Amino acid sequence: MATPKPKTAESASPRTMVRRAVRADAGQILELVTPYAAQGLMLPRTFDQIASRIDNYVVAADASGRVLACAALEEYSPSLAEVSSVAVSPAYHGKGLGSQVVLGVERLARARDIEELFALSLTDNFFLSLTYKPTPISRYPEKLARYDILSKSGVEIVPKRCFQKVLGKTWSAPRLVEQAQARKQQKLA
Ligand SMILES: CC(C)(COP(=O)(O)OP(=O)(O)OC[C@H]1O[C@@H](n2cnc3c(N)ncnc32)[C@H](O)[C@@H]1OP(=O)(O)O)[C@@H](O)C(=O)NCCC(=O)NCCS
C-alpha cells in the first residue's frame, strides 16, 4: 500500500482560516455537530459543554467568520487524548477541511505535551489518510469507562473503529493556514 502523503494547510482555500476556537464560535460548533450526533457519528454535546471547553476546539472558518469545520482535543491524561467532534459542514466535504482541523488539534496536543492520540470513526479512510493506525479500542479502558457511563445515562453508543497516532518527541506540526497567511502579510508589510 502506498504511504499517504503528509497533509499540509496549503490544500485549504486561501480564504479559509484554521484557528483555535473562541467562545463566540460555540453556537456554530453546536449547530455543526448536532446533526452528526443525531446520526450516531459522534457523541452529542450541549452548548455549555462546548463553551466551557472552547479552548480544546479548533475550527476552520471562512472570511466572514462562518465555521465550516471543527474538531476537539479531549484529554484523558497528561499524555493521552482523543481527537473528537470532527465535523465538516456537508457542502464543504472533500475539500481537505476535516484534515486541516485534525492537524490543528494535533498541534494543540503537541503544545500540551500530549504524546498519544486516538480517534473513533466509521470513516476508516479519513484517519488512515492522516497516518493514524488501526488499534483495538480495548487499548483505551478510559474511553470504554466513559462509554459505559454515557450508555447507562441513555446515550446510544454506535460502535466505531479505533485509530491511534503517536506524536512522539520529535513530531513537528505542519504549518497551519493562519501561519501561512501571517507570513505572507509580513512579507507585504
Ligand atoms: C469525515 C469528515 C470529517 C471528513 O472531512 P472532509 O473535509 O470531507 O475530509 P478531507 O477532504 O480532509 O479528506 C481526507 C481524506 O479522508 C477521506 N474521506 C473523507 N471522507 C470520507 C468518507 N466519507 N468515506 C471515505 N473516505 C473519506 C478522503 O478520501 C481523503 O483521503 P485522500 O486525502 O487520500 O483523498 C466529514 O466527511 C464529516 O464531517 N463527516 C460527518 C461527521 C463524521 O462522520 N465525523 C466523524 C468522523 S471522524
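How many nonpolar, polar and charged residues does the shell around the ligand have? I started my notes there, keeping in mind that I'm working on a predicted model.

**Ligand shell.** I sorted the shell by class and got eight nonpolar, nine polar and one charged residues. Next I looked up who sits nearest: of the 18 residues around the ligand, those are V88, H93, G98, S99 and N125. Then I checked which elements feed the shell. β4 (80-88), α3 (97-111) and α4 (124-129) each put in at least two residues.

**Overall fold.** I stepped back to the whole protein and tallied six helices and seven strands. Reading from the N terminus, I wrote the order down as β-α-α-β-β-β-α-β-α-β-α-β-α. For burial, I noted that 33% of the 189 residues are buried. I also looked at the contacts between residues at least 6 apart in sequence: 71% of them join residues at least 24 apart.

**Helix α5.** I picked α5 (residues 141-152) for a length check. The expected span is 1.5 Å times one less than the number of residues, so twelve residues should give 16 Å, and the end C-alpha atoms are indeed 16 Å apart. Is this helix well covered or hardly covered? Hardly: I found zero buried residues among the twelve of α5. Last, I looked at what comes after the helix. G154 follows α5, and its phi is positive, near 100 degrees.

Technical notes
Residues numbered from 1 in each chain as written. Predicted model: local features only at pLDDT ≥ 70, side-chain atom pairs only at ≥ 80, totals over all residues. Helix = DSSP H or I, 4+ residues; strand = E, 2+ residues; numbered from the N terminus. Buried ≥ 20, exposed ≤ 12 C-beta atoms within 10 Å, placed from the backbone. Contact = placed C-beta atoms within 7 Å. Near = placed C-beta within 6 Å. Nonpolar A, V, L, I, M, F, W, Y, C, P; charged D, E, K, R; others polar.
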